[in-house]
Amino acid sequence: MREGSKMRILAVDDDEQILKLIRNALEKEGYQVTVQGDPRKLKNLKLTDYQLILLDVMMPGLDGFALCEEIRDSVDCPILFLTAKTNEADIMKGLGVGGDDYITKPFGIGELRARVAAHLRRETREKKHAVTVDGAMFYLMEKKVRYGEMELGFTKSEYAICEYLAMNRGQVFSKDRIYEHVFGYDKESDPSVITEHVKNIRAKCQKAGFQPIETVWGIGYRWR
């Protein structure tokens with residue numbers, strides 16, 4: 001699997017040639033790339049779907065700095081500016097409104113790929129809105145999960161189990177431990193409830209074409 005597999009990137013620039021270059025360069029690395037030439041149309045996109053956003057600074061109507069400031073509180077991902085402006089004042093302004101880095105125009109394909117990959121590899125900020133685990137997108141505020149283009153339709157308890165296992169990927173948890181996390185210590189533990197929830201989770205995941213929860217016999221469950 002390529003490094004960029006399942007990673008979604010949004011590029012916003014009023015220059016169609018720049019957008020074409022970005023899409024071609026990053027899709028060859030396995031990224032899923034969405035391009036948008038009109039920043040005013042971003043309201044039609046679910047920005048929490050993306051793991052990185054590229055913003056042109058100089059756009060008519062709404063520049064990249066203003067756009068970054070507008071969306072920063074609603075997205076967790078790195079935001080990189082595309083700009084010919086390299087003076088210190090502009091750099092400080094961009095970082096001050098929530099940007100993470102600059103890519104100076106004109107840029108080469110190699111530099112673009114390297115900078116994008118570097119930011120995705122070292123992205124460690126706490127996620128408040130959305131996080132992707134093995135291709136499954138967890139919407140943390142809405143308590144929903146999507147895989148590919150399919151929303152999995154989990155109940156509240158099913159979502160809580162999946163989020164717990166996914167955010168602790170690779171660790172094995174007993175049914176009692178999962179029950180305590182989801183329902184609380186004041187409830188009488190009933191491991192059979194977790195078994196039924198996991199069965200329902202697997203059925204819904206199967207419809208989307210993946211099975212993330214593994215049974216560790218005699219112990220419990222883990223996210224693969």
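**A chat about a hairpin, a pocket and a sheet**

User: Hi! How do strand 6 and strand 7 pair, and over how many bridges?

Analyst: Hello! In this predicted model, strand 6 (residues 130-133) pairs with strand 7 (residues 136-139) in the antiparallel sense, over four bridges.

User: Cool. Which residue is the bridge partner of Ala130?

Analyst: That's Tyr139, in strand 7. The hairpin made by strand 6 and strand 7 has two residues between the strands, and Asp134 there takes a positive phi near 50 degrees.

User: Switching topic: how much space lies in the largest pocket?

Analyst: About 500 Å³. Its lining counts 25 residues, and Met7, Gln51, Lys127, Val131 and Thr132 are the ones nearest the centre.

User: Which element gives the largest share of that lining?

Analyst: Strand 6, with four residues. Helix 4 (109-121) and helix 5 (156-167) each supply at least two as well. On the domain side, domain 1 (8-128) and domain 2 (134-223) each give at least three residues to the lining.

User: And what classes of residue are in the lining?

Analyst: Eleven are nonpolar, seven polar and seven charged.

User: Now the sheet with strand 10. What's the strand order?

Analyst: The order is 10-12-11, in an open sheet of three strands with antiparallel pairing. Strand 10 (173-174) and strand 11 (213-216) each have a single partner strand, so each is an edge strand with one side lacking a neighbour in the sheet.

User: Which residue stands opposite Glu214?

Analyst: Arg222, in strand 12. Strand 11 and strand 12 (residues 220-223) are joined by four bridges.

User: Which helix lies across those strands?

Analyst: Helix 5 lies across strand 10, strand 11 and strand 12, and runs at about 70 degrees to strand 12.

Key:
Residues numbered from 1 in each chain as written. Predicted model: local features only at pLDDT ≥ 70, side-chain atom pairs only at ≥ 80, totals over all residues. Heavy atoms only, no water. Pairing = 2+ DSSP bridges. 1 Å grid on protein atoms, 1.4 Å probe; cavity = no way out; pocket = protein on both sides within 12 Å on 5 of 7 lines; lining within 4 Å. Points joined across faces, edges and corners; volume = space filled by probe spheres on them. Nonpolar A, V, L, I, M, F, W, Y, C, P; charged D, E, K, R; others polar. Domains from an automatic or database assignment. Contact = heavy atoms within 4.5 Å. Axes fitted to C-alpha atoms, helices over the stretch in contact; angles between N-to-C directions.
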